[in-house]
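Visitor: I have a few minutes before my gel is done. Can you walk me through this one?

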Amino acid sequence: MMAVNMERFVSEAKGNGLRALREIKAGEVIHSCEPYAFCIAKDFLKTACQSCLKRGESLSRCSQCKTARYCSAQCQKQAWPDHKRECKCLKRLQPRIPTDSVCLVARIIFKLLSQSESDQEELYSIVEHQSHLADMSEEKKEGLRHLCMTLQVYLGEENHDLSPLPPGLDPISLLARVTCNCFSISDGELQDVGVGLYPSMSLLNHDCQPNCVMIFEGKRLMLRAVRLIRPCEELTISYTDILATSKERRSHLQEQYHFLCQCTRCSTEDKDCDMLAGEKTAWTSLRDAIPHLEQLQSEQRWEELLKEGKAFLHRYADVVPDRNIYVLRLLDLAMDACISLDDYETALEYGNRALESYKLYYSDPHPSRAVELLRVGKLQHYQGRLEEAQGSFTQAYDIMKVTHGTAHALTNEVSRKLSECQAELGRV
Ligand SMILES: [Zn+2]
Ligand SMILES: [Zn+2]
Ligand SMILES: [Zn+2]
């Protein structure tokens with residue numbers, strides 16, 4: 001079933017878009033769909049099922065390519081039509097594994113080649129998707145050409161003839177389209193476990209204060225309203241991290257999606273002053289250190305990360321407030337490190353400080369704030385601070401009712417935690 005809540009339209013400033021056909025309340029599901037094509041992110045190949053995206057320790061491997069993993073025989077069977085041709089490519093490339101975009105484009109090519117009539121149900125087909133090739137810098141085009149070579153090696157001799165592809169959908173333009181049109185598929189903890197193409201959803205334009213959010217159940221995408229939407233109002237999502245200044249957001253959007261954001265928040269530089277509060281020389285040196293600290297995080301060098309993070313927090317305690325976004329990023333990193341090092345008390349201290357700023361920046365219900373509340377609630381619960389935990393879980397639940405819905409696995413987890421807290425409080 002397609003689109004009774006929304007329709008395609010052409011907005012004057014932004015080109016193609018989607019708008020509401022009726023009044024939609026906060027928390028309503030506007031649309032839900034399966035991907036046209038998707039693949040697991042390289043980092044999760046060993047830990048997530050290639051069919052349902054569930055995480056698991058003991059997944060069974062495809063006996064042919066030894067790369068694809070599944071949680072059950074049923075999942076493996078279901079995935080076979082999408083995996084069949086890719087399996088041979090993966091086997092040939094062993095032990096190398098292509099990047100996510102190459103994997104995804106190969107899957108799109110296989111699907112296009114095996115379908116007589118493609119995606120008729122979609123409001124917006126791959127053929128119509130923008131590739132923005134003309135807007136790209138030479139450097140970016142060079143990167144695409146390089147990816148294209150990898151793609152050709154991956155596809156191999158047996159897929160040499162791509163002439164049956166629809167006109168205009170050559171490998172390089174498909175790679176370009178995927179860069180601007182695919183979505184990260186995130187799990188409950190907001191980790192990006194995969195990438196997928198949901199053709200109609202590419203019609204959604206960006207806003208730095210969007211009225212919709214995308215949530216996934218496995219690889220199924222759900223578009224949900226986060227506030228009241230009037231009939232004919234444009235539906236928007238955010239393509240970029242909201243915890244960034246208007247300048248950072250605009251440059252990221254320009255770089256990856258080739259447009260200048262003219263949203264109200266960008267035009268008014270909304271909250272930029274808060275985000276950059278404090279002594280400039282101090283936060284610039286912190287800002288410049290963040291990539292290095294994130295590197296430590298990705299390499300799981302927790303002791304070093306915590307030591308350096310603490311030094312920064314100590315040094316700038318009096319001159320840069322917590323609402324400064326670089327301090328906020330640092331608090332999140334330090335909290336992660338503490339949790340990994342089993343220092344739950346300090347983790348909670350950082351988590352509580354971060355939450356104050358999350359409240360300031362996420363004024364509408366937002367999954368990031370809900371997940372942060374859940375993390376803090378778990379820490380409070382663990383330390384026996386039952387009333388505080390109950391408060392955090394309640395706030396998380398109230399947000400998730402809107403962003404995830406009451407049937408989502410994560411909302412159920414919060415609701416279970418909340419009941420546990422209440423039961424324990426009843427006993428005290
Ligand atoms: Zn599975
Ligand atoms: Zn295989
Ligand atoms: Zn904006």
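Guide: Some ground rules on terms. Strands (E, at least two residues) and helices (H or I, at least four) are DSSP runs, numbered from the N terminus. Two strands pair if DSSP finds at least two bridges between them. This is a predicted model, where local features need pLDDT of at least 70, side-chain atom pairs count only at pLDDT 80 or more, and totals for chains, interfaces and linings use all residues. Residues are numbered from 1 along each chain as its sequence is written, while chains are lettered from A and ligands numbered from 1 in the order in which they are written.

Visitor: Fine. What is the strand order in the sheet that holds strand 11?

Guide: The order is 3-11-10, in an open sheet of 3 strands with antiparallel pairing. Strand 3 (29-33) and strand 10 (212-217) are the edge strands, and each pairs on one side only. Neighbouring strands here are turned by 20° against each other on average, direction ignored. Axes for such angles are lines fitted to C-alpha atoms, for helices over the stretch in contact, and angles run from 0 to 180 degrees between N-to-C directions.

Visitor: How many bridges between strand 3 and strand 11?

Guide: 4 bridges, in the antiparallel sense; strand 11 covers residues 220-225. Opposite His 31 in strand 11 stands Leu 223.

Visitor: And which strands make up the sheet with order 4-8-7?

Guide: Strands 4, 8 and 7, in an open sheet with antiparallel pairing. Strand 4 (37-40) and strand 7 (183-186) each have a single partner strand, so one side of each has no neighbour in the sheet. The average turn between neighbouring strands is 30°, direction ignored.

Visitor: What packs on that sheet?

Guide: Helix 2 (residues 100-114) does, touching strand 4 and strand 8. The helix direction makes about 145° with that of strand 4. Contact means that the C-beta atoms of two residues, placed from the backbone, lie within 7 Å.

Visitor: What is the register like? Which residue does Ala 37 partner in strand 8?

Guide: Leu 197. Strand 4 and strand 8 (residues 192-197) run antiparallel and are joined by 4 bridges. Strand 7 also pairs with strand 8 in the antiparallel sense, over 4 bridges. There, Gly 194 of strand 8 is the bridge partner of Ile 185.

Visitor: What sits between strand 7 and strand 8?

Guide: A hairpin turn, with 5 residues between the strands. Leu 190 in that turn has a positive phi of about 65°.

Visitor: Which residues of strand 7 are on the covered face?

Guide: Phe 183 and Ile 185. Ser 184 and Ser 186 are on the uncovered one.

Visitor: Switching topic. Where are the domains?

Guide: Domain 1 is 41-181 and domain 2 is 273-427. The bounds come from an automatic or database domain assignment. Their centres, taken over C-alpha atoms, are 35 Å apart.

Visitor: What does UniProt list for residues 49-87?

Guide: The unreviewed entry lists "domain: MYND-type" there. UniProt positions are given in the numbering used here, feature names are shortened, and annotations may be inferred rather than shown by experiment. In the model, that stretch is 38% helix and 10% strand, with end C-alpha atoms 15 Å apart.

Visitor: Now helix 11. Which residues are buried?

Guide: Ala 347, Leu 348, Tyr 350, Gly 351, Ala 354, Ser 357 and Tyr 358. Buried means 20 or more other C-beta atoms within 10 Å of a residue's own; exposed means 12 or fewer, and partly exposed is in between, with C-beta atoms placed from the backbone. The buried residues of helix 11 pack against helix 10 (325-340) and helix 12 (367-382).

Visitor: How many residues of helix 10 are buried?

Guide: 13 of the 16, so helix 10 is largely enclosed by the rest of the structure. Just after helix 10, Asp 342 takes a positive phi of about 60°.

Visitor: What span should helix 10 have?

Guide: 22 Å, at 1.5 Å a residue; the end C-alpha atoms are 23 Å apart, which agrees. The expected span is 1.5 Å times one less than the number of residues.

Visitor: Last one. What does Leu 296 touch?

Guide: Arg 301, Glu 304 and Leu 305, not counting residues up to four places away in sequence. Leu 296 lies in helix 8 (residues 280-298). Leu 296 counts as partly exposed because it has 19 C-beta neighbours inside 10 Å.
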